[in-house]
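Biologist: I am new to this structure and would like a close look at a single part. Please take one chain, go through how it is built, and then show what it touches.

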Amino acid sequence: MPNITLTVNGEKMTCTVAPDEKLLDTLRRLGRTDVKKGCGEGTCGSCSVLIDGRLMTSCIVFSARVDGAEIMTAAGLGTANAPHPIQTSFVKAGAVQCGFCTPGMVLATKALLDAVPKPDVSQIKMALDGNMCRCTGYVKIIEAVQDSARVLAGENEVPHE
Amino acid sequence: MSDVSDLKVVGHSVDKLDAIALATGGEKFTADEIPPRTLYARILTSPWAHARIRKIDTTAAMKIKGVRSIITWQDVPRVAHTTAGQGFPEPSPYDSFTLDDKVRYVGDRVAAVAADTPEIARAAAEAIEVEYEQLPPIFDPRDSMKEGAPVIHDEPEARMIIPVPYDKSRNLAAQVTANVGDIEQGLAQADVVVEREFEVHQAQHCPMEPHVALAYVDGRGRLVIRTSTQVPYHVRRIVAERLQWPIGKVRVIKPRIGGGFGSKQEVLLEDIPAVLAIRTGRPVLLEYTRGEEFASSRTRHPQIIKIRAGARKDGTLTGYDLDILMNTGAYGSHALTVVCNSGSKTLPLYRWQNIRFRGTSVYTNLPVGGAYRGYGATQAYFPLEVVLDELAEKIGMDAIELRQRNHIRSGEGSPIFQALGEGTEGVAQTIGSCGLAECIEIGAREIGWKEKRGKAALQTGPIRRGVGMCCLMQGSSIPHVDLGAAYLKMNEDGSFNLLVGATDLGTGSDTVLAQVAAEVLGVPASMMTVYSSDTDLTPFDVGAYASSTTYLSGEAVAKAAREARAMIIEVASEILGCPVEDIELVNAYALARNGNKVQFSEIGRHSLYVKNQRQIQGAASHVTRKSPPPFSAQFAEVEVDTETGQVRVLKYVAAVDCGTAINPKLAEGQIQGAVLNGISYALTEEFVFDPRGRLLNNDLNYYKIFTAADLPDIRAILVPTWEPSGPFGAKSVSEIGINGPLPAISNAIYDAVGVRITRAPFTAERVLRALGRL
Amino acid sequence: MGRIQFYERPRTLDEAVRILAEKKGKACVLAGGTSLALRQPPGVDTFVDISRLGLVGMEDRGDSIAIKACTTVAELASLPQSYQLYGGVLARAAMAVASTPLRNQITVGGNLVQVMPWSDLPGVMLALNGQIVIQGTTSRIVPLKDFYATHPRNSLSAGDLVTEVRIPKPIGRVQSSFVKVGKTVFDYAALTVTAVAWLSGNQVRECSVALGAVRPLPMRVPQAEEEIAGRIPTRDDVIRAAARAAGAVEPSQDYRYSKDYRRQLIKVWVKRCLHEACS
């Protein structure tokens, strides 16, 4: 059984995982229930997290493979009382309906804006192509991404938790 | 009051109350709080479409370490019921059992396991040995009622509990008819007649959160079920009935729900973890995998629809003959009401002089139909709106003009309203607000109808463009049937708790209801804390379906808030020493005419601690007398690749009259989401079965729903009207949007390339065949 | 618990090869892991994680460039050479793979070796005359044309590890075209077409056309290539080449697409891609 160390939202933790255990299961086992399971096949994007800054669907990432990595979940991006501007933009834009996809969506947005601070609509659409939403029709999600890009452009540094 | 300009909270896009918690991952969905010692359940499903279980042996499975309980049909009470989460008496046949010795579709329940881990539960389910006697299956609904067809429900218990046609010996799950005038005479009087057959296909809701339910027996011996449901009160009633437990000993809690779209208006899972929890004395979680969500959940009922329609050259619509054969699958969940709605939500839209409607629901050995956003209207708007285009073309009239001449208007009724209800007779009503004319005008301008329609002949090259449109109506609640209730209390800081049975499944209804209460009470919505749907704590509500929450539960909330408002004014008059008539409530203050004022926090404190102590509160329930339709005109601009058949929607305009939009941003979100679901359904979503009736594309890799990358330019335009019977003029908004894409896109394809696509979905291959190029 | 009992994380290539060889068929290579997460080959009890062997990025190999096996598809899409070489066809194909989170996980090597019918990179690499570099018990360089003569799973032995794919540097002016056809953007392909034209003035000196997703393995279509090579192709040449491609290929039939429809797609898209690559 591999022992691994993960830094989840800045908190370092060591745990033992099965050799074929998926990161989604590890994270949820550790109480990180802000990471959602929608398909278990890497298709819907509900379980998206940032692994060393890169967006991945944690349901098909083996935990042992990301030993030593920095993981960010939606709760690491911000909290209800100290939300990240991306999360605030999602609320303001009306981009949150059932909210099951939202933790993944805000992280997909974070990954995009870290790489492309001023994305155009087609870049936004492509950046979200692995995060499915059945409620919103994506229109307001795209508006939220545009809005957060504007908000973040007014700041030097993205406030991390 | 008849417009929104004086309103402070209603009509404003306040932030969805739970949005920030959802965006930061803090909200809890059913599977996010697992009690210690929870067991994991797994259902063994049938590999056969139609079979009798001859023998079932759980010995080997029980020997697997970590297996705690296995149940088969021999271990549960045999109670015929419906899984449809509808009010009592349910208008769906009682043809389901918790477990049965017969399986009726691939994916049907065979047995269930509870084990220490999901992996063990899965392994144990696979280790159960079952001997099946295969029976001949029915896959084509056209075969269901043929002489000598296999009988899918041959059990003696299956029955309808309301007096409507049901004949299980002929696989007839439901039938409905309605007639206005004489259809044959109507068609004889027509200058042009169109006859066509349409096929509308099966589809899955694909909520991002699959069905999930957790059950445990609490310290007092009560059964607690936390479940992802749209209908907590129906879950309580139906599970209690299945388990033969007293309703008072069951508590159903609805946490956050990851979308439902009708699939969770179904008591689909809850009895299994409940039985297993009772047997093991431990909490039991049952989570559907995505594959099970496709194969063993609920679907949109497919329909085969035959139309005859006639019009005179002047645009008079002389007759409409609507004949629907609906495939309800292996069980009759919503089998009657969905097909009823195919008539009741479409036929009143135009002034047909003569109507004949016949809807027949039949059993097959395919996955089960259920409630799905649009609920029969989605299916029946496709033929109606395509046929209207065809009539218009034949009489040489613009498609829009034909609709403008004939659509229902404010103050008008329709004989259909009275003839067709949800399984029973309907309720006569005249239309209150109707903004359809404006919707058509605004939508046509937005899409560029005049510039773009009928211009295919001017185009060259393999890619052709066209525009199409359609008109729609839906309803708002089920009159005289649906009940909504609310309770509201004031705290000493002037904040309020609003407790509602209404079920927010992601739509934002908690927020909308908070806005209604806040408007009545003269406070910002942020002062409302909403708790929805817990059968121990909140008052009754039928749940989230039939486009009812805003219109029905909203009025219950308004009434409860008015009660509380009266008490606030009473207390304020004591404090301010002025008559109640002199007091107004504005922005969390009670203002007296003489200029004195008192803050809500002081009123709250006074009422609880100071003098004449009492709880400022309100409790009310509401039943509607009518079901005012929202209206919509929708327009699609498409591009058709005539060499590959690929259809791409470029732009989609949905102008919607939902009365007052209590929260415009949330209302737009409902429209945009419904429209994109409809577009994806029209173009790509489709169930594919093998010859044995096994679903082949039971995942999101092969069953394609749109992502942001596929998104066309969608414009949702709210066209405000004031519905006199609704809370602050509101009607419903959430379902109507999904009905438009099938006809609007089909009509646009015709405009682009001159072929009528009458079988959905409009896949590239199907379009290319229709073009005669394959 | 699954059948996987051991997780090996070798530090060097030699160690990886040794473990794979020792474990015979019981060990399998884990790179991105997207396929293994859903399905593990029968009989396998060990994962050999090769993600930390430094097999990432592009390197210049003189007359060719090497894309190392563990380079993710997203990294491939963002490397400047992917845009600069061959008219950017590598970047276009890479961006067509799956979705953003999957592109961050799927590796170039995995996509080439797993070669599902719907893998998007094998076709483009085949069109560019790529070669696959295998290290292991017998280290060798195999042209992709040969590599895909049979399924790689049959030609790779237990101790073999694919370490990179080499693409010859373009000589002279080269134009290209790539298309992926699916129901939605994030979908398994119904068809991918890669067309590459090596030009001398207006003349197409050499031409390659590769198809993916229409058969179990990617394939070149010499029948189409020979209609174009050595000519200044006219519209008719292109149409004839496309028709020959459609006639030469026996597409797979499944519930997603009929054989006839796939054939029609080949005819249309080979025409369009050749048109783009040759003009």
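Modeller: What follows is a walk through chain A, with short stops at chains C and B. Keep in mind that this is a predicted model.

Start with the make-up of the chain. Chain A holds 6 helices and 5 strands. Read from the N terminus, the order is β-β-α-β-β-β-α-α-α-α-α. Two strands open the chain, then comes a helix, then three strands, and a run of five helices closes the series.

Now the overall form. Along the principal axes, the C-alpha atoms of chain A fill a box of roughly 45 × 35 × 25 Å. For 161 residues, a compact globule would have a radius of gyration near 15 Å, and chain A has 15 Å, so the two agree. Burial can be put as a share: 67% of the 161 residues of chain A count as buried. Contacts also reach along the sequence. Of the contacts in chain A with a separation of 6 or more, 60% join residues 24 or more positions apart.

Next, the side that meets chain C. Here 23 residues of chain A are in contact with 22 residues of chain C. Two elements of chain A give two or more residues each to this side: β4 (54–57) and α5 (121–127). The largest share, 4 residues, comes from β4(A). By class, this side of chain A has 12 nonpolar, 5 polar and 6 charged residues.

Turn to the partner. Chain C is divided into domain 1 (6–49), domain 2 (58–168) and domain 3 (173–278). The centres of domain 1 and domain 2 of chain C, taken over C-alpha atoms, are separated by 19 Å. Their contact takes 13 residues from domain 1 of chain C and 17 residues from domain 2 of chain C. On the domain 1 side, α1 (13–22) and α2 (34–38) of chain C each supply at least two residues. α1(C) gives the largest share of that side, 5 residues. The classes on that side of domain 1 of chain C are 7 nonpolar, 5 polar and 1 charged.

Last, one helix of chain B. Helix α19 (residues 741–753) of chain B has 13 residues. From its first C-alpha to its last it reaches 18 Å, close to the 18 Å expected at 1.5 Å a residue. Because 13 of the 13 residues of α19(B) are buried, this helix is largely enclosed by the rest of the structure. Just after α19(B), Gly754(B) takes a positive phi of about 75°.

Note on methods. Residues are numbered from 1 along each chain as its sequence is written. Chains are lettered from A and ligands numbered from 1 in the order in which they are written. This is a predicted model: local features need pLDDT of at least 70, side-chain atom pairs count only at pLDDT 80 or more; totals for chains, interfaces and linings use all residues. Two residues are in contact if their C-beta atoms, placed from the backbone, lie within 7 Å. Ala, Val, Leu, Ile, Met, Phe, Trp, Tyr, Cys and Pro count as nonpolar, Asp, Glu, Lys and Arg as charged, and the others, Gly among them, as polar. The expected span of a helix is 1.5 Å times one less than its number of residues. A residue is buried if 20 or more other C-beta atoms lie within 10 Å of its own, exposed if 12 or fewer, and partly exposed in between; C-beta atoms are placed from the backbone. The radius of gyration is taken over C-alpha atoms; the globule rule is 2.2 Å times the number of residues to the power 0.38. Domain bounds come from an automatic or database domain assignment.
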